[in-house]
Amino acid sequence: MKLKINHSIKRILKSYQCLLFTLVIVTLLSSVSLSWSQNGKISGYYIGDYYYLASAHNEDWQGRHGFQYRRIYLNYDKNIADDLAIRLRFEMNSPSFNAKEPGKIAPFVKHGYLKWSDSDWRTTSYFGLIGTPTFATVEQIWGYRSVAKTLEDLHKLGSSTDFGVAIKGSFDTDKKFSYHAMLGNGAGTKGEANSDKKAYLSLTARPVEGLITEVYGEFGTGANQTSNYMFHGLLGYQKNRLNLGLLISNKTKQKGKDKEDETRLAGSIFGSMQLGDRLTALARIDRNFDPHTTGEKISYLPHAATATSNTIILGVDWSPTANTHIIPNLVAILYDEPEKGDKPDMDLQPRLTLYYKF
């Protein structure tokens, strides 16, 4: 009986020790977390829709509707020295209606890098998983990633993220002429599986107030001594509540020995105009001069793979309060007659989009 009592006492004391240890750990973690949050900055945004497929080139999607998150960002930024900073960004997305498996919303690391700024040389250098120069200027002029990705991003002509090193800066003190160069794995947010690499270079000029021009090029090596390269030219205007842009893009992908190279030419005209303090109208037309052979896999706005297409985007942005945007918009995809087979039916998708930043 005495042995049982002693054993029970030991179990109780051990339980209290575990509880005390747990409380100490939780307290330490809480204090560390509080310290980090006080010295750093947490921010992000989410983009959600209610969509309806009024018409679809794939009859299985016809009439489908529902709620979705097209993007959720969670950022942590912290200055670790006067000229050094870090960023960690997580991204989450709802599976698209054309996904093979519905699945759950799963976060992944979008960015994770160290940033070094040098004011004397007018440069900012990056190392890690960082944003490429591919869409940076185009997105800044378009201004409505909340409604749709830019042309090259939507059709997977390039990648918005890569693991590598980058430097950007200006050639002059007025920052009228700037550059953004990068060397990366070429694998996006995926891990490196080979020795192939991709080089990126953007040259931007702002010769007069409001006018923006950019010449961009990228070159990447592939398997079997193949290579992929893309160029684009951008002309933009931003002034007096008006944003306008014209983009022409050309990508060539080598298929390897005895195979014909794949070339994709595309263009985009886009713009927005602020109609009042809280209201903005937006419009965009994309032209794919070549069929997008993997267009069926595009999330949220899949394209028929057999025909060239015109994508029309129209919308109105109402901002009832700061950092909150309610955007009714309409996306229509019209197809040309293909070389083989029937002409795909038009894709027509009205959506109500909510965009909120924090």
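Which residues make the nonpolar surface patch of about 570 Å²?

1. In this predicted model, the patch is made by Ile42, Leu74, Leu88, Phe90, Val109, Tyr356 and Phe358. For a reader who wishes to find one of these residues in the structure, Phe358 is placed in the segment after strand S16 (347–357), and it is partly exposed, with a relative accessible area of 44%.

2. The interior offers a second nonpolar grouping, since the largest nonpolar core has 23 residues, and those with the most contacts inside it are Tyr144, Val147, Leu234, Leu247, Phe270, Leu282 and Ile313. At least two residues of this core are supplied by each of helix H2 (136–142), helix H3 (151–154), strand S12 (262–274) and strand S15 (324–335). Of these elements, S15 gives the largest share of the core, namely 4 residues. As a general background, nonpolar side chains in soluble globular proteins tend to be buried together.

3. Aromatic contacts deserve a separate look, for a search of the whole structure finds 13 aromatic pairs. One of them joins Tyr46 and Tyr69 in an edge-to-face arrangement, with 5.6 Å centre to centre and 75° between the planes. Because Tyr46 lies in strand S1 (residues 40–52) and Tyr69 in strand S2 (residues 65–79), this pair ties together parts that are 23 residues apart in sequence. Tyr46 is partly exposed, at a relative accessible area of 26%, and Tyr69 is likewise partly exposed, at 32%.

4. Another edge-to-face pair is formed by Tyr113 and Tyr126, whose rings are 5.4 Å apart centre to centre, with 80° between the planes. Tyr113 belongs to strand S4 (residues 108–118) and Tyr126 to strand S5 (residues 123–131), so that the pair ties together parts that are 13 residues apart in sequence. Are these two tyrosines buried or exposed? Tyr113 is buried, with a relative accessible area of 15%, and Tyr126 also counts as buried, at 14% relative accessibility; the cut-off that places them there is a relative accessible area under 20%.

5. Two further aromatic features complete this note. Tyr45, Tyr73 and Tyr355 form one aromatic cluster. Elsewhere, a charged group meets a ring: the charged end of Arg284 sits over the ring of Trp142, at 5.1 Å from the centre of that ring.

Methods:
Residues numbered from 1 in each chain as written. Predicted model: local features only at pLDDT ≥ 70, side-chain atom pairs only at ≥ 80, totals over all residues. Heavy atoms only, no water. Phe/Tyr/Trp six-rings, centres within 6.5 Å; stacked < 30°, edge-to-face > 60°. Buried < 20%, exposed > 50% of the residue type's maximum accessible area, 1.4 Å probe, protein only. Lys NZ or Arg CZ within 6 Å of the ring centre and 35° of its normal. Patch = residues over 30% accessible without salt bridge, like charges linked within 9 Å, V, L, I, M, F, W, Y side chains within 5 Å. Areas by Shrake-Rupley, 256 points an atom, 1.4 Å probe, with all protein chains shown as cover. Salt bridge = Lys/Arg side-chain N within 4 Å of Asp/Glu carboxyl O. Core = buried A, V, L, I, M, F, W, Y, C linked by side-chain atoms within 4.5 Å.
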